[in-house]
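User: I am new to this structure and would like to know how its labels are justified. Could you take me through some of them?

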Amino acid sequence: MNDILQEVVLAAKERRLIGFLGAGASAPYQDQTTGRTWPGIPTAAQMVQELCKRYNWVDKELDFAENMFLYRKKEGRAALERFLRDQVNKPYIKPMPVHSILASLGLRAFITTNYDQLLETALTDGGRHPTVVVDDSDVALVESGQTTVIKYHGCITRPASLIAALDEYVPVSQERPIVSALMTSLLANQSLLFLGFGLSDRDFVSAYETVRRTLGAWMPRSYAVVRQVRNFERSYWESNGLSIIEGDLTEFARQMSHQTASSASNRIVMVKGIEDNPFFDSLSSISAKPSETQFIDSFLGHLRQELDKDGLPAADVLSAAALAQRALLDTRSNFAAFRRVGEATLARLRQTLDNGRNPAVEMEKILNDRTTISLTLSSIGGLIDTSKQIATYSQSQRVLQVLRGVKRSVQASSRVFIAECRPKSPAPFQDAMAIIGELQQTSYSLTIVPDMGLLNLLNRNQVDLLLLGAHAVYVTGDGPKWFVNTAGSNALTQVALTNGVPVWILAEDLKLIEVMNGEVPEISHAEEEDIFSSVELEFTQFLGFDTPPRGLNVGYELTPCGSGMTVITESNQWIL
């Protein structure tokens with residue numbers, strides 16, 4: 001099983017895994033570790049039992065689809081829909097643990113025969129708002145990057161779409177050809193994981209045949225998790241290209257999640273929505289969440305490469321750059337500097353193009369200006385001329401440039417405390433390790449501390465200087481009044497100043513924003529990244545809450561500038 005588990009986990013991490021859910025995924029569930037039970041959707045057999053209590057004509061020897069046929073014939077379609085709605089649409093039934101686990105894994109799509117909305121609720125609760133496809137008309141709503149849920153047996157919110165009676169089970173390709181085409185495009189070259197089916201279930205046989213009939217030679221690598229399997233069933237299905245995993249579906253999903261979480265520190269972390277954008281390709285080699293300055297440099301560097309290419313129309317390059325800028329800003333509303341640099345650069349290049357000059361030459365000038373900023377800030381390191389205990393928090397390219405600019409002899413007798421920054425680190429110490437990687441060619445003694453541990457060091461006078469970057473610095477005619485940085489910066493700044501530790505805020509001029517005296521800027525405190533998925537999974541499994549706790553990651557905060565602080569840019573130095 002370990003080999004198969006690794007195959008499935010790898011497919012999930014590479015976004016090549018599609019989940020196919022049957023009724024067992026929504027059935028009542030009891031956790032064998034804690035004993036907690038989840039009331040689920042009645043199974044098909046339980047629904048037949050309920051009908052037996054109501055009507056003497058129900059044949060308990062017949063299966064669900066056959067009895068639904070009799071029900072519709074005797075009571076009418078409207079009565080059948082009311083019965084299914086009453087059985088499925090119960091407000092007290094919440095998503096099962098397997099729904100929450102699967103929602104946290106980031107699968108690109110799901111297919112399900114279930115009528116209920118438990119999967120959609122779990123996805124929405126996890127911040128993934130799915131596009132639900134029931135009929136052909138829904139396919140137009142599908143967007144790249146969103147999670148798609150195909151419900152080809154219908155959805156309880158649309159009673160007329162429910163496929164229940166035996167004669168209603170018509171191949172998808174005949175009944176809903178556009179949905180069938182969508183399934184083909186989603187499943188080609190992917191892996192398929194069946195959960196919540198029995199190998200002898202009519203639904204499973206129908207589902208597997210539907211996929212095989214739809215894809216033919218393009219049938220994906222497929223896996224099915226089943227609680228029990230007979231030798232004949234294993235032999236039969238494996239001969240038909242299906243790998244059988246014997247065990248509990250929730251436990252298997254849990255193992256998938258643990259395997260995925262355990263390798264989180266080795267994954268490249270990129271911003272959702274721009275993973276494949278060539279303007280940010282250079283960031284794929286770093287292991288932590290990129291800073292705004294890194295995004296700016298990557299964007300400008302790729303823009304230069306594209307403008308240098310022969311035969312590629314410069315106007316098309318600028319249009320592609322504008323789209324890349326918009327894609328990033330859609331998920332990074334706080335990147336005001338990136339917005340200003342992008343807009344100013346594109347306007348300057350368009351003007352150059354309109355004047356009949358070579359935009360590649362102008363782009364080189366823009367990059368030279370950026371290099372000058374870096375060299376100027378690096379020279380600030382010369383102000384640190386004696387050995388010190390320096391602390392920094394949250395990766396900042398400008399802070400790193402200043403640290404690298406300190407004389408080697410001073411570096412060799414100085415220590416840098418690198419405070420782990422949890423708002424930016426999906427994996428433990430990922431942000432701190434990225435900073436160490438940037439400083440590996442220096443001579444400092446480097447020490448990682450938890451973010452709250454740095455407060456202790458400041459209180460115990462173990463730090464001589466605190467260096468912080470900034471997303472923005474708000475200034476009036478009297479100088480800097482506020483700065484924005486990663487959450488935690490305010491507490492560190494105040495504790496440092498209370499203990500007489502100087503605080504340097506390092507930025508570039510383009511991050512200066514003018515405000516009126518007395519004005520308190522409004523900022524977005526939201527952090528877009530989900531760093532809680534594996535922890536929320538543990539909440540769901542073990543805490544036994546009716547409504548599982550959720551994580552809240554506060555990404556940014558506003559900190560007042562005051563006495564004891566120095567704000568430094570390439571052309572300004574305010575000693576407050």
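Analyst: The turns below set computed values against definitions. This is a predicted model, in which local features need pLDDT of at least 70, side-chain atom pairs count only at pLDDT 80 or more, and totals for chains, interfaces and linings use all residues. Residues are numbered from 1 along each chain as its sequence is written, and side-chain values use heavy atoms, with hydrogens and water left out.

User: Why is Ser394 called buried or exposed?

Analyst: Buried means under 20% relative accessible area, exposed over 50%, and partly exposed in between, with a 1.4 Å probe and protein chains only. Ser394 has 4% relative accessibility and therefore counts as buried. Ser394 lies in the loop between β10 (389-393) and α16 (397-404), where helices (H or I, at least four residues) and strands (E, at least two) are DSSP runs numbered from the N terminus. Although Ser394 is not a glycine, its phi is positive, at about 75°.

User: What makes Asn461 count as buried or exposed?

Analyst: Asn461 has a relative accessibility of 51%, so it counts as exposed. Asn461 is placed in the loop between α19 (451-459) and β13 (465-468), and this residue, which is not a glycine, has a positive phi of about 55°.

User: How do you know on which side of α2 the buried residues are?

Analyst: In helix α2 (residues 44-54), the buried residues are Met47, Val48 and Leu51. They cover an arc of only 100° around the axis, and therefore they are on the same side of α2; the arc is that of the directions from the helix axis to the C-beta atoms. Exposed Gln49 and Lys53 are carried by the face of α2 turned away from its buried side.

User: What covers the buried residues of α2?

Analyst: The cover includes α3 (64-75) and α4 (77-88), where contact means heavy atoms within 4.5 Å.
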